[in-house]
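Student: I should like to understand how the terms used for a protein model follow from their definitions. May we go through them one at a time?

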Amino acid sequence: MTIKQFYNEMTDEAGRVRPHYAAYASWLSEMPEERLVQKRAEADALFHRHGITFAVYGENAGIERLIPFDIIPRIIPADEWQTLAAGLRQRVKALNLFIRDIYHEQDILRAGHIPAEQVLNNAQYRKVMQGVDVARDLYAHIAGVDIVRAGKGEYYVLEDNLRVPSGVSYMLENRKMMMRLFPRVFSRYRVAPVDRYPDMLLNTLRSVAPTGVVDPTVVVMTPGAYNSAYFEHAFLAQQMGVELVEGQDMFVQDEQVFMRTTRGPQRVDVIYRRIDDDFLDPTAFRKDSVLGVPGLLQAYRAGRVTLSNAIGSGVADDKSIYPYVPEMIRFYLGEEPILHNVPTYMCRKPDDLSYVLDHLAELVVKEVHGAGGYGMLVGPAASKAEVEAFRAILVAHPERYIAQPTLALSACPTFVDAGIAPRHIDLRPFVLSGEEVQLIPGGLTRVALREGSLVVNSSQGGGTKDTWVLEA
Amino acid sequence: MLSRTADHLYWMARYMERAENIARILDVNLRMSMMPQSAVQEEQAWGATLRIMGLEGAFHQRYAEISPEAVLEFMVFNSENPSSVRNCLRAARENAHAVRGTLTSELWETTNGTWLKMRDFTPEMLADAGAGEFFEWVKYRSHLSRGVTIGTMLQDESLRFIRLGTFLERADNTARILDVKYQLLLPAGEVEGGAADYYQWSALLRSVSAFEVYRKVYRDLITPARVAELLLLRVDMPRSIARCMKEVYANLREVVNDQSAETERRAGELEAQLRFGRIDDIVRDGLHNYVVRLLGRVQDLGDRIADDFLVPVS
């Protein structure tokens, strides 16, 4: 499948270079292709040596791979970013208010804006959190919001990631790599720096420590060195200067969490956990979890430790809740949403389902709880047999799926085997909510490296790019 | 610091040191095999290499007979031999990976880079002239990793546990090398080394980079007792047991906690006994018995350090 009509980030319909890409395009045109090949090889070698890799699940388990890095940046003009940033702040504020409301009064359900069973029967809704107060009433301290650009360049929110969004380490490493490979091109642009992120993250985490804790001890909790995002866990712990702990390093005594150190137990106040709710505490959630800490939930409910993000945050990032986010913004903030949702068909609704079944070949169908690009159908790219196979699954379990029009994602010039060619991209900015809601200019740009592909996930052959937000 | 972190750092260093010592032992054998010697002698020498690491049994389960190729394959590449150079470098890297946030990026990249390069070596590449070059490479990577450690790591607990791992492993390895070679070269416990033994003894010295050191310290013929003295008791010799224990004791004192007093005492006692020991007494009572007891005490310290600091106590 090739989408003919898409927004090209670098050139307009007439093929003219857009003003914010002009300086880069002229620099690039002076660059011989051999140099680019050489620079790309240099980048690969450096990423390998630095061990900036991710582990792949399933076949070839245990193998570490590089996420392909593309050396052509994605550039966002200052005014576009300002709108995006305002929209992201607004959206994440509303999402946090929504989660707080769901676990307390449930006003939004009583007002009839969202069907109660949609929320309360959702697998991500955690009854144990009902009535529990958390520091600053904040749940999703770290949010990764996936943004795409379609049509004539309008931005849309594709999904909200409020559980354990990953990718920020690549945002930081990509910038370092670009500055190392092409120092001179940075002199032609005022690119907003991104390297403050670890500081901002640490401040955010400290600001949501349990009330009364003066100098909180923050840790990063990882499932371990074989997790696909382990590099990022280790990276963030190191950049923040905090311990990287596994479940086995911690224990709970008298509703207080401690870590085991060479000098005896040390109190832990804030846990930036990169592990799903289900695995946090074998006495409360999955009994077979060896990754968690027995008694953690009890300490958490007693307000003696902060988990970041909060248990149960996933209730707001589920794809079946996504269609209601604009409604949340109106309900809690009394504002019109700055950023738009992608029109979404909820297959659990009979009307929507019949529309989806009639138009399968044009739609993207996603699992409500899925992540990472697994279990989805991209209609226009699928064979007839794949579409029919999916139809059967859909009819059997409509409530598990939503569908959206196949967006003509914007494309950015990318250095692929065939030379420089447009490839489809998305953007994941990271929004931090603590004492204030803030974000680093830009985010992680992911790129679908196969020609025509719209799937940008690293597990599906996607790559990444450095993202430049220009300063005004 | 986290007990688990300390554990990974300690083992990272131990495995790197072990890889270096195995490379040293094999390298010396390789050089010796280029000199005129009988088939029996050659087989004994390669067999001794296996005995040093206590791997004779494991070897014979897999190989019909001792040959240089088989020993090299087993000690460098074999994936079932936990002490093969390849497995040591992999284990060093795995341990580093588990705590990469605690390491400086230089140290992580050095350890990771060593492993990535190790994967490119094949037994065929070692078959002819390549082996000597390979052992040099292993030694240099170990030197590099130690240098990067000292040159870039903050002088805090992390460094102490890395150093503890290095010196405990080195003490163990030096003691083993000395013991096995001593038995091989002096089967009847005789003290005089004839002229024919010169190459053997100098090879032993070279395996621990002590040949020039010996010349400088003694300015005299190589005698077995002096070799033993140099490797056991000389505090100024960087690979001697006395030096290793001095470092172990010094590093241990920097990390003491509520339950480590007895470990500290035992390390101090051993360090003092080596510092004030006399080689004549050791040789008279039998070097082999002495080294066996020494290995037991080094092992005991390793176990106690694991209990006191590394293994989490619930």
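Student: Why is the pair B:Asp172 and B:Arg176 called a salt bridge?

Tutor: A salt bridge is a side-chain nitrogen of Lys or Arg within 4 Å of a carboxyl oxygen of Asp or Glu. The N to O distance between the side chains of B:Asp172 and B:Arg176 is 2.7 Å, so the pair satisfies the definition. This is a predicted model, in which local features need pLDDT of at least 70, side-chain atom pairs count only at pLDDT 80 or more, and totals for chains, interfaces and linings use all residues. Side-chain values use heavy atoms, with hydrogens and water left out, while residues are numbered from 1 along each chain as its sequence is written, and chains are lettered from A and ligands numbered from 1 in the order in which they are written.

Student: Where do B:Asp172 and B:Arg176 lie?

Tutor: Both belong to helix H9 (residues 157-185) of chain B, four residues apart, which is about one turn of the helix. Helices (H or I, at least four residues) and strands (E, at least two) are DSSP runs, numbered from the N terminus.

Student: What makes B:Asp172 count as buried and B:Arg176 as partly exposed?

Tutor: Buried means under 20% relative accessible area, exposed over 50%, and partly exposed in between (1.4 Å probe, protein chains only). B:Asp172 has 9% relative accessibility and therefore counts as buried. B:Arg176 has 24%, so the term for B:Arg176 is partly exposed.

Student: How do you know that B:Glu264 and B:Arg253 form a salt bridge?

Tutor: Their side chains meet at 3.9 Å, N to O, and the pair is therefore accepted by the cut-off already given. B:Glu264 is in helix H14 (residues 261-276) of chain B and B:Arg253 in helix H13 (residues 241-255) of chain B, so the bridge ties together parts eleven residues apart in sequence. B:Glu264 counts as partly exposed because its relative accessibility is 21%. B:Arg253, with a relative accessible area of 48%, is partly exposed too.

Student: What makes the pair B:Arg146 and B:Glu17 a link between distant parts of the chain?

Tutor: The salt bridge of B:Arg146 with B:Glu17 has its closest N and O atoms 3.5 Å apart. B:Arg146 sits in helix H8 (residues 130-152) of chain B and B:Glu17 in helix H1 (residues 3-33) of chain B, 129 residues apart. Both residues are buried. They also belong to a network of salt bridges that links B:Glu17, B:Glu20, B:Arg24, B:Arg146, B:Arg170 and B:Arg239. Over all chains, the structure holds 55 salt bridges.

Student: What are the two domains of chain A, and how many residues of each are in contact?

Tutor: The bounds come from an automatic or database domain assignment, which gives domain 1 (1-191 + 316-342 + 407-472) and domain 2 (211-304) of chain A. Their centres, taken over C-alpha atoms, are 27 Å apart. Contact means heavy atoms within 4.5 Å, and 22 residues from domain 1 of chain A and 18 residues from domain 2 of chain A take part.

Student: What is the area of about 1,700 Å² given for these two domains?

Tutor: Buried area is the accessible area (1.4 Å probe) that two parts lose on being put together, summed over both. Domain 1 and domain 2 of chain A bury about 1,700 Å² between them, 60% of it on carbon and sulfur atoms. A:Arg126, A:Val128 and A:Val164 supply 29% of the area that domain 1 of chain A buries against domain 2 of chain A, more than any other three residues. Two salt bridges are counted between the domains. The side chains of A:Asp278 and A:Arg126 also meet in a salt bridge, at 3.4 Å, N to O.

Student: How many salt bridges does the rule find across the interface of chain A and chain B?

Tutor: The rule finds three. B:Arg4 and A:Asp249 meet in a salt bridge at 2.6 Å, N to O, so this pair satisfies the cut-off. The contact takes 22 residues from chain A and 28 residues from chain B, and the area buried between the chains is about 2,100 Å², of which carbon and sulfur atoms give 42%.
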